[in-house]
Amino acid sequence: MTSFQDELRKISALGWFITLLASAAMFCVLMLVAAPNDKGMSHWPLYGQLLFSGSMALIVFVWALLISYIAGDARLRGMRAWLWVLISIFVPNMIGIILYFVFRDPMVVCRNCGYSAKGNFTFCPQCGTELQPACPNCRRAVEAGWKSCAYCGAALQGVNQQV
């Protein structure tokens with residue numbers, strides 16, 4: 001399990017910059033353009049205009065930060081980052097963001113060195129530790145409960161326990 005700080009490190013410096021710029025731009029546009037020119041909002045007290053503009057800027061901040069996170073996380077998982085960013089931006093009501101978290105490729109953390117490897121890897125690319133059970137003949141991943149390897153047909157006695 002990774003910590004929240006580890007997850008935040010997946011966001012690039014450019015992602016943080018764009019997120020801050022987008023939320024600051026939203027706040028400024030609402031305070032300097034929308035509030036004075038809107039018939040209803042121009043009569044609001046200053047604290048109401050600030051609260052409304054700040055809450056809208058916060059929503060944009062969270063949305064942009066999630067998209068920046070998806071870009072970094074998808075890149076680390078070997079997925080098509082730009083495709084997921086476009087889906088996250090253009091599929092409405094944050095459904096694109098939800099779809100990313102439903103369909104993203106799994107990651108496995110090596111118990112020996114702590115390296116994060118793709119979920120379908122049988123061995124850790126960093127230290128060579130077995131991440132999931134492997135066929136003794138062809139060294140491909142096997143699932144628990146298999147009596148023989150689906151790839152080469154070799155018998156799997158004692159191999160199919162979970163690692």
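Reader: Is Met94 buried, partly exposed or exposed?

Author: In this predicted model, Met94 counts as partly exposed, because its relative accessibility is 35%. The residue sits in the loop between H4 and helix H5, the latter spanning 95–103.

Reader: Which surface patch does Met94 help to make?

Author: Met94 joins Trp63, Leu86, Ile89 and Phe90 in a nonpolar surface patch of about 480 Å².

Reader: And which helix gives the most to that nonpolar patch?

Author: That is helix H4, residues 81–90, which gives three residues to the patch.

Reader: Staying with Met94, what is its phi?

Author: The phi of Met94 is positive, about 60°, although the residue is not a glycine. As background, most residues other than glycine have a negative phi.

Reader: Where else is there a positive value in a residue other than glycine?

Author: Arg139 is one such residue, with a phi near 65°. Arg139 is found in the segment after strand S2, which covers 116–118, and it counts as partly exposed because its relative accessibility is 40%.

Reader: Which residue forms a salt bridge with Arg139?

Author: The partner is Glu130, and the closest N and O atoms of the two are 3.9 Å apart; this pair is counted because the cut-off for a salt bridge is 4 Å. Glu130, like its partner, falls in the intermediate class: at 24% relative accessibility it counts as partly exposed.

Reader: How many salt bridges does the count come to?

Author: The count comes to six salt bridges. Among them is the one in which the side chains of Glu7 and Lys10 meet, at 3.1 Å from N to O, and another is between Arg77 and Asp73, at 2.9 Å from N to O.

Reader: Are Glu7 and Lys10 buried or exposed?

Author: Both of them are buried. For Glu7 the relative accessible area is 18%, and since buried means under 20%, the residue falls inside that class. Arg77 and Asp73 are buried as well.

Reader: Which residues do the salt bridges that share partners join into one network?

Author: The network joins Glu7, Lys10, Asp73, Arg77 and Arg104. Of these, Glu7 has its place in helix H1, residues 4–8.

Reader: Changing topic, how many aromatic pairs does a search of the whole structure find?

Author: The search finds four aromatic pairs. One of them is Trp44 with Phe52, whose ring centres are 5.7 Å apart and whose planes stand at 90°, so the pair is edge-to-face. Trp44 is partly exposed, with a relative accessible area of 39%, and Phe52 counts as partly exposed at 27% relative accessibility.

Reader: What about Tyr69 and Phe101, are they stacked or edge-to-face?

Author: Tyr69 and Phe101 are stacked, with 6.0 Å from centre to centre and 20° between the planes. Because Tyr69 lies in helix H3, residues 46–76, and Phe101 in helix H5, the pair ties together parts that are 32 residues apart in sequence.

Reader: Is Tyr69 buried or exposed?

Author: Tyr69 is buried, with a relative accessible area of 11%, whereas Phe101 is partly exposed, with a relative accessible area of 33%.

Reader: Which residues do ring pairs link into a cluster?

Author: The cluster is made of Tyr69, Trp84, Tyr100 and Phe101. Trp84 and Tyr100 also belong to the largest nonpolar core.

Reader: Which ten residues make that core?

Author: The core holds Ile67, Ile70, Ala71, Ala74, Met79, Ala81, Trp84, Val85, Ile97 and Tyr100. The elements that give two or more residues to this core are H3, H4 and H5, and H3 gives the most, with four residues.

Reader: Which residues is Ile70 in contact with, leaving aside neighbours within four places in sequence?

Author: With those neighbours left aside, Ile70 is in contact with Trp84, Ser88, Ile97 and Tyr100.

Reader: What does the second, separate core include?

Author: That second core has five residues, including Cys135, Val142, Cys149 and Leu156.

Note on methods
Residues numbered from 1 in each chain as written. Predicted model: local features only at pLDDT ≥ 70, side-chain atom pairs only at ≥ 80, totals over all residues. Heavy atoms only, no water. Patch = residues over 30% accessible without salt bridge, like charges linked within 9 Å, V, L, I, M, F, W, Y side chains within 5 Å. Areas by Shrake-Rupley, 256 points an atom, 1.4 Å probe, with all protein chains shown as cover. Buried < 20%, exposed > 50% of the residue type's maximum accessible area, 1.4 Å probe, protein only. Phe/Tyr/Trp six-rings, centres within 6.5 Å; stacked < 30°, edge-to-face > 60°. Core = buried A, V, L, I, M, F, W, Y, C linked by side-chain atoms within 4.5 Å. Contact = heavy atoms within 4.5 Å.
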